[in-house]
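Work through the exercises below with the model open beside you. Try each task before reading its solution.

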Amino acid sequence: MEALHAAPLGAQFTALGETFTAPKRTSRAGLTGQAYDASGRRRDLEAEEKRAFWGWATIEILRHTGIRIEELLELGHHSIIRYKLPTTGEFVPLLQIAPSKTDQGRLLLVTPELADVLSMVVTRVRGENGAIPSVSSYDIHEKAWNDPMPLLYQWDVSGDRRPISSNTVRDALNDALFATGLTDGAGNPLKFQPHDFRRIFITDAILNGLPPHIAQVIAGHSNINTTMGYNAIYPAQAIEAHRSFIARRRNLRPSEEYRAVTAEEWQEFLNHFERRKLALGSCGRAFGTDCIHEHACVRCPVLIVDPNERGRLFEIRDNLNDRIAEAEREGWLGERQKKKESPVFMGIPSFSEAAARTSFATNGA
C-alpha cells in the first residue's frame, strides 16, 4: 500500500517481489487502493490488506483465548480491563467476555502476545480524535439491533463505520489459510472454522497441564464433559497408566500363559481362517470351535454373506420354492404330515392280547 501511494498515476512499482501498475486516473478523492498486476488483472489492494489484517487478528485472538465467534465480534474497547492482584499489588490486563451461550460472562487473562494483537487492533480502529467510534451491530439470535458500542471488529466502508460480519471473518480465515498452501488428505485447500481454534486452545491447555475444571471456566462451559469433549488428544498420563496396568497384570498371571506360540500352533491358527471361507461368504465361528450346524451354512446365524453372492442366494431360494411346489403337486407327504397319520395295524398281537391267555402250569410241575 505504501508503494502504491508513493507511485505516480500510471507508473509501475514493485512490492514484495510483485510488479504492479498504478491506475492512470481515479474518480475517488485522495489516494486509490487499486492497481493492476503483471497479468493486467485489477486488484483491490486496500480490500486485500483489510481482509489480511483481520484474518491475522482473528487467528491470534482465537488461538490465545478460545472464545466463540459471537463473543469475538462483541469485543469492545471496554472489554479490556485491568485487575490488581491482592497479593503483590501488580496490575494485570484482563479480557471481559460478554455473556453469550451460557448467559454468563467471564474474565480471561491477557498474555503478552494477545496484548500486542489487541493493541494493534485498537490502534487501527481509532478515529482521528483518538477514540474508537461506536457502531450498532445486529444480533442474529435475538433478531434485534444492539445499542452503539465501541466494537473492536469494525472497519470503514466508503466513509461509513460498520461492524465486521461473521461471514467476513470466516472468509478472511480461509483466505489466510489458502495463502499458506496447506491441503487436506485429498489434496484440497485446507479450511478452518472459527470454532476449530476453540478446540485447539482447550486441547493445548489440558495437554500442557491446565486442570480440566479450570479449562471449563476459561471456555465458559456449564458442564465439564463438554470441555473434555473438546480435548482432541488422549492424555499421555492415561496411556502410561494403562501400560503400567497391563505390565502389573501380566506379572500376576502364570508365566505359561504368555509363552511364545509354536510354528504348528500358528499354522493351525492361520488355517482356521482359511477354512472359514465358504461359497456364500465366510464363517464367523470363533477359533477352536467346531461347526454346530453340520455345514448347513444357509441356515446358520454365524454365516457372513458376501454381497457379491446375492444372486446365488436368490437361486437357492427359487430352487427351494420349486421343490415345495413340486411336492404339493405330486402329493408327497413331508415328515411332519407322516407323523400326524394314525398307525396301521400290521397283525402283530399287542401285550394286552398276549397277557389275557391263561396258564395252567404249577410250581411243582
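Four exercises follow, each with a worked solution.

This is a predicted model, where local features need pLDDT of at least 70, side-chain atom pairs count only at pLDDT 80 or more, and totals for chains, interfaces and linings use all residues. Residues are numbered from 1 along each chain as its sequence is written, and side-chain values use heavy atoms, with hydrogens and water left out.

**Exercise 1.** Place Asp 37 and find its contacts.

*Solution.* Start with the chain. Asp 37 sits in the loop that links strand E3 (34–36) to strand E4 (42–44). Helices (H or I, at least four residues) and strands (E, at least two) are DSSP runs, numbered from the N terminus. Next, is Asp 37 buried or exposed? Asp 37 is buried, at a relative accessible area of 11%. Buried means under 20% relative accessible area, exposed over 50%, partly exposed in between (1.4 Å probe, protein chains only). Now look at its side chain. It makes a polar contact with the side chain of Ser 39, at 2.9 Å. Such a contact is a pair of N or O atoms within 3.5 Å; within protein, one must be able to donate a hydrogen and the other to accept it, and residues adjacent in sequence count only if both atoms are side-chain atoms. Last, set aside neighbours within four places in sequence: Asp 37 is then in contact with Thr 19, Phe 20 and Arg 43. Contact means heavy atoms within 4.5 Å.

**Exercise 2.** Describe the largest nonpolar core.

*Solution.* A nonpolar core is a set of buried Ala, Val, Leu, Ile, Met, Phe, Trp, Tyr and Cys residues joined through side-chain atoms within 4.5 Å. The largest has 28 residues, and Trp 54, Ile 61, Ile 67, Leu 75, Leu 152 and Tyr 153 touch the most other members. Elements supplying at least two residues each include helix H2 (45–65) and helix H4 (112–125). H4 gives the largest share, six residues.

**Exercise 3.** Check the span of helix H11 (residues 310–330).

*Solution.* H11 has 21 residues. The expected span is 1.5 Å times one less than the number of residues. That is 30 Å for H11, and the span from first C-alpha to last is 31 Å, close to it. Just after H11, Gly 331 takes a positive phi of about 75 degrees.

**Exercise 4.** Which strands stand at the edges of the open sheet of three strands?

*Solution.* Read the order first: E5-E6-E7, with antiparallel pairing. Strand E5 (80–84) and strand E7 (106–109) are the edges; each has a single partner strand, so one side of each lacks a neighbour in the sheet. Strands pair if DSSP finds at least two bridges between them. E5 and E6 have five bridges. Tyr 83 stands opposite Val 92 in E6.
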